[in-house]
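Please open the model in a viewer and keep the sequence panel visible. The tour proceeds by selection, beginning with a single residue and widening from there.

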Amino acid sequence: METAELYKFFLECGKVTTDSRNCPEGSLFIALKGENFNGNAFAAKALEQGCRYAVIDEPQYAGERTLLVDNCLTALQQLANYHRRQLKTPLIGITGTNGKTTTKELIATVLQQKFRTLYTQGNFNNHIGVPLTLLQLTPEHEIAVVEMGANHPGEINTLVRIAEPDYGIITNVGKAHLEGFGSFEGVIRTKGELYDYLREKGNGTVFIQHENPYLNPIAHGLNCIPYGQQGGHICGQLLSCSPYLHFQWHEEGKESHEVQTHLIGSYNLDNALAAVAIGTYFGVPAAAICKALSDYIPQNNRSQLKETGRNHLIVDAYNANPTSMMAALTNFRQMEVSPKMAILGDMKELGDSSLEEHQKIADYLQTCDFGTVLLVGPEFGKTSTPFRHFPDTASLIHFLEEQTVDGKYILIKGSNSMKLSQLSDLL
């Protein structure tokens, strides 16, 4: 079945699902495959659960109200691209090593002050999540913010060909997923595929961190809207961060504005300034930008301060790589609070660089006065360090259940797979 024909069925349904456990009445089920499942086998169930049609790519599962395509994943991606082209909604593509999800949330909350805005939910930022986001576009949406993630070369190129962004922002580039990218240079090239697409498209506009030494050299030929702490169209300064980010900003040649946020971490200043830059570019009034950033409360274990009644937890346990880990530690070191405690979990997908990068963190910790430092995971276990180490989170939990930890400011950071977010209820 050709994409244009499949699109008619999509318009009839209005919604797409790839999960037979979540089948909105009248939706279109697309049977994707994974390492441990075959969506085709659930097509009949999806129809029973309320889907109007089921898209399959294995003829033996054909039946009433099934639509046969060559490949369901390709069909999903082509359908999303076709839908995006029909609506022509202005679309901002966002990627980066660190901060892209928080920045996406901040951009969206700012744009919502003026526009009906569609934006990526959670971290639906891969080859499946991006198409599913695009298929949520309706004629009522006036602008879209689509997050794009990658851990291998060429993946951003694939996603921009599906989403076809009109504008772009790379939050930063850092040492993450080195196992997949091969090197830091590989990270830069892959994230830069967003710039490459906009350059190829012509008249591409990007919002760029003014002081970034890696992004500016690869942004040639693009219309750059700079933001930063040392100049740019939008310039901002950190006022304080104990514990929440408090900053001021001004548009070039205009008055300054102050914003008190609910974000933990001075490293979030650039993320906030990115949202300011995009908001001002699209005509959101300064007062509305400030209100949006002040009201935003982070979720999902990203730069959150949790008051438990016993301790003050700085939970940043959704993701971790050498760049974000060092930023979190530096910020925690600068916070004028006490007593401090740090619980750090392994950083994943670093390949051959893993021991070196974990040792750098362990060495840096010895220059910090955090009182108590607990390290978790096999990678930290290979380092030379004076700090107490636990092989896994379960053994750490057992240890903490026998200890009394009260009245501390505790930084909790590690890769999501370390499951350090479980510590919140315990502490």
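Begin by selecting Ser266 and displaying its surroundings in this predicted model. Leaving aside residues up to four places away in sequence, Ser266 touches Leu238, Cys241, Leu245, Asn331 and Gln334. Ser266 itself sits in the loop between strand 15 and helix 10 (268-281). Add Trp249 to the selection: this residue is 17 residues from Ser266 along the chain, and the two C-alpha atoms are separated by 14 Å.

**The hairpin before the loop**

Next, select residues 244-251 and 256-264, which are strand 14 and strand 15. The two strands run antiparallel and are joined by six bridges. One pair to label is Phe247 with its bridge partner in strand 15, Val259. Strand 14 and strand 15 form a hairpin with four residues between them. In the turn, Gly253 has a positive phi of about 80°.

**The nine-stranded sheet**

Now extend the selection to the sheet that contains this hairpin. Nine strands make up an open sheet with mixed pairing, in the order 8-9-7-10-11-12-13-14-15. Which strands stand at the edges? They are strand 8 (117-119) and strand 15, each of which pairs on one side only. From one strand to the next, the twist averages 20°.

Within this sheet, select strand 12 (residues 223-228) and strand 13 (residues 234-241), which run parallel and are joined by two bridges. Gly228 has Cys235 in strand 13 as its bridge partner.

Two helices may then be added. Helix 9 (residues 193-201) packs on the sheet and touches strand 7 (91-95), strand 10 (167-170) and strand 11 (205-209). The direction of helix 9 makes about 160° with that of strand 10. Helix 10 also packs on the sheet, touching strands 7, 10, 11, 12, 13, 14 and 15. Its direction makes about 35° with that of strand 14.

**The cavity**

Turn next to the interior space. A search of the whole structure finds one cavity of 30 Å³ or more, and the largest cavity has a volume of about 40 Å³. To display its lining, select Ile264, Tyr267, Ile314, Asp316, Ala328, Asn331, Phe332, Met335 and Leu411. Strand 17 (312-316) and helix 12 (322-334) are the elements that give two or more residues to this lining. The largest share, three residues, comes from helix 12. Colouring the lining by class shows seven nonpolar, one polar and one charged residues. Asn331, in this lining, is also one of the residues that Ser266 touches.

**The six-stranded sheet**

Strand 17 leads to another sheet. Six strands form this open sheet in the order 16-17-21-18-19-20, with mixed pairing. Strand 16 (304-307) and strand 20 (388-390) are at the edges with a single partner strand each, so one side of each has no neighbour in the sheet. The twist here averages 20° from one strand to the next.

At one edge, select strand 19 (residues 372-376) together with strand 20: they pair in the parallel sense over three bridges. Leu374 stands opposite Arg388 in strand 20. Finally, add helix 15 (residues 393-401), which lies across strand 18 (340-345), strand 19 and strand 20. Helix 15 runs at about 145° to strand 19.

**The whole chain**

To finish, show the full chain, which has 16 helices and 21 strands. Its C-alpha trace spans about 65 × 55 × 40 Å along the principal axes. A compact globule of 427 residues would have a radius of gyration near 22 Å, and the 23 Å of the chain agrees with this.

Technical notes: Residues numbered from 1 in each chain as written. Predicted model: local features only at pLDDT ≥ 70, side-chain atom pairs only at ≥ 80, totals over all residues. Heavy atoms only, no water. Pairing = 2+ DSSP bridges. Axes fitted to C-alpha atoms, helices over the stretch in contact; angles between N-to-C directions. Contact = heavy atoms within 4.5 Å. 1 Å grid on protein atoms, 1.4 Å probe; cavity = no way out; pocket = protein on both sides within 12 Å on 5 of 7 lines; lining within 4 Å. Points joined across faces, edges and corners; volume = space filled by probe spheres on them. Nonpolar A, V, L, I, M, F, W, Y, C, P; charged D, E, K, R; others polar. Rg over C-alpha atoms; globule rule 2.2 N^0.38 Å.
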